[in-house]
Amino acid sequence: MQQKLLAQIATALESRSEISLLELLEIYPIDCGMEEVVEYLEIAHQPPHTIDDEVKESIEVANVSQGSQMKTTMPRIVFRRQA
């Protein structure tokens, strides 16, 4: 899954130098539940990406097993193009 997410991030960054996770999810909605959110967090810990603990964002995640939506609040994640 991480390769798919890295490819989506790279595609989004072709036309800009950075994109927040919230903006990215408007283009590529989450389709694998919280597992996908965790993968994005793992990617965000790798330079040049950043996690801003001072800014919180809310995202909606599909609970695949229950067929419902849940909302989670997390630090703002910004993905940046490699220099």
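A residue counts as buried when its relative accessible area is under 20%, as exposed when that area is over 50%, and as partly exposed in between. With that in hand, let us look at this predicted model. Buried residues account for 34% of the 83 residues in the protein chain.

**Overall picture**

The protein chain holds three helices and three strands. Following the sequence, these elements come in the pattern α-β-α-α-β-β. Along the principal axes, the C-alpha atoms occupy a box of roughly 40 × 30 × 20 Å. The radius of gyration of the protein chain is 12 Å, which agrees with the value near 12 Å for a compact globule of 83 residues.

Contacts tell us about the fold as well. Of the contacts in the protein chain with a separation of 6 or more, 58% are between residues 24 or more positions apart.

What does the surface look like in numbers? The protein chain exposes about 5,100 Å², and 49% of this area is supplied by carbon and sulfur atoms. As for charge, there are 7 positive and 14 negative side chains, and the centres of the two sets are 5 Å apart.

**Salt bridges**

Side chains of opposite charge can pair when their charged atoms come close. How many salt bridges does the count come to? The count comes to three salt bridges, and they are set out here.

| Salt bridge | Closest N to O distance |
|---|---|
| Asp31 and Lys4 | 3.4 Å |
| Arg80 and Glu18 | 3.1 Å |
| Glu57 and Arg76 | 3.2 Å |

Let us begin with Asp31, which forms a salt bridge with Lys4. This pair links distant parts of the chain, 27 residues apart: Asp31 sits in the loop between helix H2 (21-27) and helix H3 (34-44), while Lys4 belongs to helix H1 (residues 2-12). Asp31 counts as partly exposed because its relative accessibility is 46%. Lys4 is also partly exposed, at 36% relative accessibility.

Next comes Arg80, whose salt bridge partner is Glu18. Arg80 is in strand E3 (residues 68-80) and Glu18 in strand E1, so this pair ties together parts that are 62 residues apart in sequence. With a relative accessible area of 27%, Arg80 is partly exposed. Glu18 is partly exposed too, its relative accessible area being 36%.

That leaves the salt bridge between the side chains of Glu57 and Arg76. Glu57 lies in strand E2 (residues 50-63) and Arg76 in strand E3, so the pair ties together parts that are 19 residues apart in sequence. Is Glu57 buried or exposed? Glu57 is buried, because its relative accessible area is 12% and the cut-off for buried is under 20%. Its partner Arg76, at 28% relative accessibility, counts as partly exposed.

**A closer look at Ser20**

Ser20 is part of strand E1 (residues 18-20). At 3% relative accessibility, Ser20 counts as buried. Which residues does Ser20 touch, leaving aside those up to four places away in sequence? Ser20 touches Arg76, Ile77 and Val78. Arg76 therefore appears twice in this account: it lies in strand E3 and pairs with Glu57 of strand E2, and Arg76 is also one of the residues touched by Ser20.

Conventions. Residues numbered from 1 in each chain as written. Predicted model: local features only at pLDDT ≥ 70, side-chain atom pairs only at ≥ 80, totals over all residues. Heavy atoms only, no water. Helix = DSSP H or I, 4+ residues; strand = E, 2+ residues; numbered from the N terminus. Buried < 20%, exposed > 50% of the residue type's maximum accessible area, 1.4 Å probe, protein only. Contact = heavy atoms within 4.5 Å. Rg over C-alpha atoms; globule rule 2.2 N^0.38 Å. Areas by Shrake-Rupley, 256 points an atom, 1.4 Å probe, with all protein chains shown as cover. Lys, Arg positive; Asp, Glu negative; His and termini not counted. Charge placed at Lys NZ, Arg CZ, Asp CG, Glu CD. Salt bridge = Lys/Arg side-chain N within 4 Å of Asp/Glu carboxyl O.
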